[in-house]
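The exercises below concern the enclosed and open spaces of a predicted model, followed by the overall form of its chain. Work through each task with the structure at hand before reading the solution.

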Amino acid sequence: MKVITLYSQQEIEAFLRRNPFLHLYALGDLDDFFWPYTTWYALKDRRHITQLALLYTGTSLPTLLGLTEEPIDKMCELLQSILHLLPVRLYAHLSGDLATVFVGDYHINSHGAHYKMGLMHKAQVETIDTSQVVPLSSSDVDELDALYRLSYPGNWFDSRMLETGCYYGIRHGKALVSVAGIHVYSPKYKVAALGNVTTHPAYRGQGLATIVCAKLCQSLLETVDYIGLNVKADKHTAIHSYERLGFEYVATYEECALERK
C-alpha cells in the first residue's frame, strides 16, 4: 500500500461515485468553486484507490473528511500516514471510532454523532406548499448574518454561497424568520448538500423549516441528481422534518475538533 496526494479530479470522482451519498460533500468539493481549497490523500494498492481522505482549507478552521464504509482499517492506515501533514488545529468528520487515530497527537473535543441523510424519495418535496417562500441573494447577507447569530450561533456560513441562488427564506412582514441554503452545490457533479437551515426561535414549531427546505430541494432538483445533508443524531425534530421531505438515513459519523498537543 502506498499513500499519495492525488490531483486528478477524474480519478477522485470515480472513487467517490461508489457511494455518492456518503461522499456527497467531497464530490461537491471537486467543483472549481471549491477545488483550489482541497488536498486529497489516497491509499493505493498498485493503481487502485482503496481509501481517500480530503482536507478542505476554504474555511478559517480546516476540515478533514475521513469517511468510509466498514471495515475502517484502511482509512485508519491512511489517516495515521498523514498525521504529520495535518494542521495544528482542524475540524474532522470521521467514520466509526477513527477519532482514536488522533489520540496520541491531538486533543480531541467530540461534537458527537451525526447522521448523513440523502433525498431518496424526490416526489415528496413536491407535495408541500411553498408559495410563501422567497429567494434570497447577496443583498440579504446582513439580515442572514443577524438571524444566524440569534438562532444558530456557531453556524458555518460562507456568504459566497449566496451567489449560487440556492438560498430561500420565509418572511413575517419584512423580517426574515426562516431560511435554508446549501453548504455544497455543484451542477457539474450533480450534487448539493443542504445547510444553514434555521428558524427564528419565536417562529419555531410551525413547520417553516420544512417548507423552506422543500422549496430549496425543488429548485436544486432542476440541476442536481443527489441531495444530502448532515444532522446531529440527537436532533430528532429536524430529522423528522427531513424524513417528511423524503430524506433517509445513510450513515453515522463523528464530528470533532482537533488541536495538536
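**Exercise 1.** Determine which secondary structure elements each supply at least two residues of the lining of the largest cavity, and set out the character of that lining.

*Solution.* Begin with the elements: helix H2 (24-28) and strand S3 (48-56) each supply at least two lining residues of the largest cavity, and S3 gives the most, with 3 residues. Next, read the lining itself, which consists of Leu 16, Leu 22, His 23, Tyr 25, Ala 26, Trp 40, Leu 52, Ala 53, Leu 54, Leu 65, Leu 67 and Lys 116. Sorted by class, these residues come to 10 nonpolar, 1 polar and 1 charged. Finally, the space that they surround amounts to about 90 Å³.

**Exercise 2.** State how many cavities of 30 Å³ or more the structure holds, and describe the second largest cavity by its volume and its lining.

*Solution.* The structure holds 2 cavities of 30 Å³ or more, and the second largest has a volume of about 30 Å³. Its lining is made up of Phe 21, Leu 24, Tyr 25, Lys 116, Met 117, Gly 228, Leu 229 and Asn 230. When these residues are assigned to elements, H2, strand S6 (106-119) and strand S11 (226-232) each supply at least two of them, with S11 giving the most, namely 3 residues. The classes are 5 nonpolar, 2 polar and 1 charged. A comparison of the two lists then shows that Tyr 25 and Lys 116 occur in both linings.

**Exercise 3.** Characterise the largest pocket by its volume, by the residues nearest its centre and by the classes of its lining.

*Solution.* The volume comes first: about 1700 Å³ of space lies in the largest pocket. Its lining comprises 50 residues, among which Tyr 152, Asn 155, His 183, Val 197 and Asn 230 lie nearest the centre. Asn 230 is also listed in the lining of the second largest cavity. Helix H6 (residues 236-245) contributes the largest share of the pocket lining, 7 residues. By class, the lining of the pocket divides into 21 nonpolar, 23 polar and 6 charged residues.

**Exercise 4.** Decide whether Asp 158 is buried or exposed, and locate Asp 158 along the chain and in space.

*Solution.* In sequence, Asp 158 falls in the loop between helix H4 (141-151) and strand S8 (168-172). The cut-off for a buried residue is under 20% relative accessible area, and Asp 158, at 12% relative accessibility, therefore counts as buried. As for its distance from Met 1, the two residues are 157 apart in sequence and 37 Å apart in space, taken from C-alpha to C-alpha.

**Exercise 5.** Test the radius of gyration of the protein chain against that of a compact globule, and add the overall dimensions and burial.

*Solution.* A compact globule of 261 residues would have a radius of gyration near 18 Å, and the protein chain, with 19 Å, agrees with this. Along its principal axes, the C-alpha trace spans about 60 × 35 × 30 Å. The secondary structure comes to 6 helices and 12 strands, and 52% of the 261 residues count as buried. For the contacts, consider those between residues at least 6 apart in sequence, of which 69% join residues at least 24 apart. The last step concerns the surface, where the chain exposes about 12200 Å², with carbon and sulfur atoms supplying 50% of that area.

How values were computed:
Residues numbered from 1 in each chain as written. Predicted model: local features only at pLDDT ≥ 70, side-chain atom pairs only at ≥ 80, totals over all residues. Heavy atoms only, no water. 1 Å grid on protein atoms, 1.4 Å probe; cavity = no way out; pocket = protein on both sides within 12 Å on 5 of 7 lines; lining within 4 Å. Points joined across faces, edges and corners; volume = space filled by probe spheres on them. Helix = DSSP H or I, 4+ residues; strand = E, 2+ residues; numbered from the N terminus. Nonpolar A, V, L, I, M, F, W, Y, C, P; charged D, E, K, R; others polar. Rg over C-alpha atoms; globule rule 2.2 N^0.38 Å. Buried < 20%, exposed > 50% of the residue type's maximum accessible area, 1.4 Å probe, protein only. Contact = heavy atoms within 4.5 Å. Areas by Shrake-Rupley, 256 points an atom, 1.4 Å probe, with all protein chains shown as cover.
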